[in-house]
Amino acid sequence: MRAENILEVDGLQTWFHTRKGVIKAVDSVSFSLRPGEILGLVGESGSGKSITGLSILGLIDPPGRIVSGEVRYKGRNLVGLPEPEIRAIRGRNIAMIFQDPMMTLNPVLRIDTQMRWALAAHEQVDKNAARARSLEVLRLVGIAAPEERLGSYPHELSGGMRQRIAIAIAMLNKPDILIADEATTALDVTIQAQILSEMQNLCAATGTALIWITHDLSVVAGLADRVCVMYAGRIVEQGLVDDVLDRPMHHYTEGLIGSVPSMNARGKPLKQIAEITRSLFDLPSGCAFRNRCPKVIAGCSEPIPVLERNGHQFRCINPPVPAP
Amino acid sequence: MAAKSASLIRARRLWTDTPFGEAAVSFFASRIATISFIVLVIICLGALLAPLIAPQNPYDLTKLSILDGELPPFSVGGDGFLFIAGTDDQGRDILSAILYGLRTSLSVGVISTSFALVFGLTMGLISGYFGGWVDAVIMRIVDLQLSFPAILIAMILLAVLGRGVDKVILALIIVQWAYYTRTIRGAALVERAKEYSEAARCLALSNARILFVHLLPNCLPPLIVIAVLQIGHAIALEAALSFLGLGVPVTEPSLGLLISNGQEYMLSGQYWLTVFPGVALLSTMVAVNLVGDQLRDVLNPRMKA
Amino acid sequence: MIVYLINRVGQSLFVLSAMSLIVFVGIYVIGDPVQILVSPEASAEEIAQVRRNLGLDLSLPTQYLRFLSGATSGDLGSSFVYNESAIVVILRHFPATLELALAAMFIAIALGIPLGVWAGIRSETFSAKAIMAASTVGASLPTFWVGLILIMCFAVYLGWLPASGRGATRSVFGVELSIFTRDGLAHIILPALNLALFKVSLVIRLARAGAREIVGQEFIKFARATGQSPARIVLGHLLKNIMIPIVTVLGLEFGSVLAFSVVTERVFSWPGMGNLLVRSLFLLDRPIVVAYLMLTVVIFVVINFTVDVIYTFLDPRIRFSAKAG
């Protein structure tokens, strides 16, 4: 079972050492990914989901640092690899795209230049071969008239188009894993839906595994196979999407589900999670969610173990659905 | 009753709670700025008290002895006098000459900047008050002037005016005023768009009242910053002009002229005639600029990161 | 575009005539160039003759009108000193100044951009802080004094480089340039370095500010995530983005470099326009001063225009809006 995982994140801790103290942005995060699988990584802003994505690629800059843990790609630990070696993996084996389609592309370079450079980072290609490959990938992500787009500058394109091109650049080197950090958050809902369904097809066609980082649980519901819910740097719950959404085993997940506006519950007031996230500097010991949790019990201030039921993992000793 | 308690509260406020106090506290929070400030105070005192503290009056020819001429630093003269910074060919103590030179340099810088500030401010207020074609004409002149390097305009002016401390000051006023005018007009446009200005207009306050009571106090901090940095520019400009022989007269040499005078002796190895006045000029400039930079950071919230 | 051009040119013509008028009246008021030009033993008859020859016997308005009508046909009068067309004299000195200014700009860019970019992308390191401290001090250095110190160190004590003057020249497309001869290069290094110093700190600051801003942008993160090398990211992605403001500012500053070369040229006895200007100011050689001003204004107009063009070339966003509008 473990052998077929393409990526295993194990006990990952990424901390930021600032003057005010240490921020444990990612704290003991573990999950795994199978080839072609779509994994949703959900959490509110500041929960450490983006830092987790960047940590996998070794893109953490000072004052941040991966303090401990392993990121195994096909069994090989990427943490602590020398820069040239991890650079050979970035983009070729594991690619990443980001939120803001206005800013992911270099504003002063033409699309073909940007695509050629991304290709040239991993293989010697002549201009014609680069162009052919670029056109192929642009078609793959559903861009009409790709020849014209190659000669364009980013500002000449719409937001959706730009994000498609960013995806195309990420797919250029046929990566095994694509990490998408809030990739559709800044787009119109209709464009978002289009891109999501295209991503699903793309991953199915190419066998690329996808880690979809978002704060939007409803996106994950329609897209992912499995989901990890992050809160204050930790994964508080993970499992199959249906399991987690239908039977949340952590009050934070339950709160998230409750605050999704749903068509079925029109007219009813939306639920919300009480208070706000604590500052990451002074996290309480034990469950970090307990100051907002409706069902705190005495044991919540003790370190919480990871519990499991049928492959559904959660860090809650008093879950919403009692264990049978 | 209420007024009385309010005044009590005001009296009990620490001086650090006043806007000035706050600015001072954050100013001296930087070590570099504090050191620069102290250096600047020392330089100013040295210039101000030059006649009292200078070992010699370098321009009283009766005090000079040609026998003490061209002595290197730390030489002892004929009457047992120690020349810390050496002497020139006429036996003039360079340290004293530097102190007197600082006096000229600093007063040219400060006086020209003050007048330029007042004149530029007035023009800016006139421009902002009247608007319309007055504004257009003034701003056109400002734009034209700012599109030329100050040194070029100053050079031409001084060629026309001739040498003299008063003439250098006049030339420096003419090349500097436009900065303030542009700043205050720029600020006027920004302030006019702000809500309190809107509110003041809704209260039917007069244009002049808005200008002087609301706009001016809000423009002062950036103007102070510019003025301090501009003093540095003025001193540098005066030095360059004097070096070219277009600035102050030989009877009142500034640091620039001292350096220029020492130039011909440099090739024969009398480095102290150029190096020490240069170091004095450099220290003054660095101190003024660092103080100005810190003031900008403290007084201008827009520049803060 | 055309309206903009006409506007520019019109504005410049206005500046030209205003400046020429000031210089005309000013020099007329302060002194009599004839007194400086003729020998002390000259008779009243001879002085009157010189005066007539130079056209200085006419009334000031007549002189000015004469000058204006000459100027419209490209004749700015003859130098009182050289007995040649002022334009010709100025243009003869122009290559030396241009060469010096360009060499200084080159040095400023070659030193300033790498240092500034380094200080921007590694802003927490000691070297970055040292660079910034040095640039603060550099911005406060009096140019002419640094020039003298350079002469003292490299020419007087070390004897490595010549102290003054311009080296042997070689004709390049009919222009006498010194940077292509060994001797010329040796002569230009110190003055160019001196003049550059005045702009290096500016370039460092611009490059640092630009690099700091760009390095935090998402497209840099994205380029890194595609596995591109640091060299490609800095030289390809970052540099092209920060070059836009730097080129703009430097272009606009080129005029001030030309103007400031007056000081450097005096320090190093560089036979350029600046030196000529100062000499002419002392000799009240009005046509040369006026011609210098005219040339400066023309250069300024050309610079502003060129900067606009380069700017458009570098920033596709502007090119696009120009196409659309």
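1. Starting with the C–B contact: across the interface of chain C and chain B there are zero salt bridges (Lys or Arg side-chain nitrogen within 4 Å of a carboxyl oxygen of Asp or Glu). Two residue pairs are in polar contact, both at pLDDT 80 or more (N or O atoms within 3.5 Å, one able to donate a hydrogen and the other to accept it; residues adjacent in sequence count only if both atoms are side-chain atoms).

2. A caveat: this is a predicted model, with local features needing pLDDT of at least 70 and side-chain atom pairs pLDDT 80 or more, while totals for chains, interfaces and linings use all residues. Residues are numbered from 1 along each chain as its sequence is written, chains are lettered from A in the order written, and side-chain values use heavy atoms, without hydrogens or water.

3. About 3300 Å² is buried between chains C and B, with carbon and sulfur atoms giving 84% (accessible area lost on putting the two parts together, 1.4 Å probe, summed over both). Chain C brings 39 residues and chain B 35 (contact: heavy atoms within 4.5 Å).

4. By class, the chain C side has 31 nonpolar, seven polar and one charged residues (Gly counts as polar; Asp, Glu, Lys and Arg as charged).

5. Over in chain A, eight strands make an open, mixed sheet ordered β6-β7-β8-β3-β9-β10-β12-β11 (strands are DSSP E runs of at least two residues; pairing needs at least two bridges). The edges are β6 (94–97) and β11 (307–309).

6. Within chain A, β7 (177–181) and β8 (209–214) run parallel, joined by five bridges; A:Asp181 has A:Ile213 as its bridge partner in β8.

Definitions and conventions: Helices (H or I, at least four residues) and strands (E, at least two) are DSSP runs, numbered from the N terminus.
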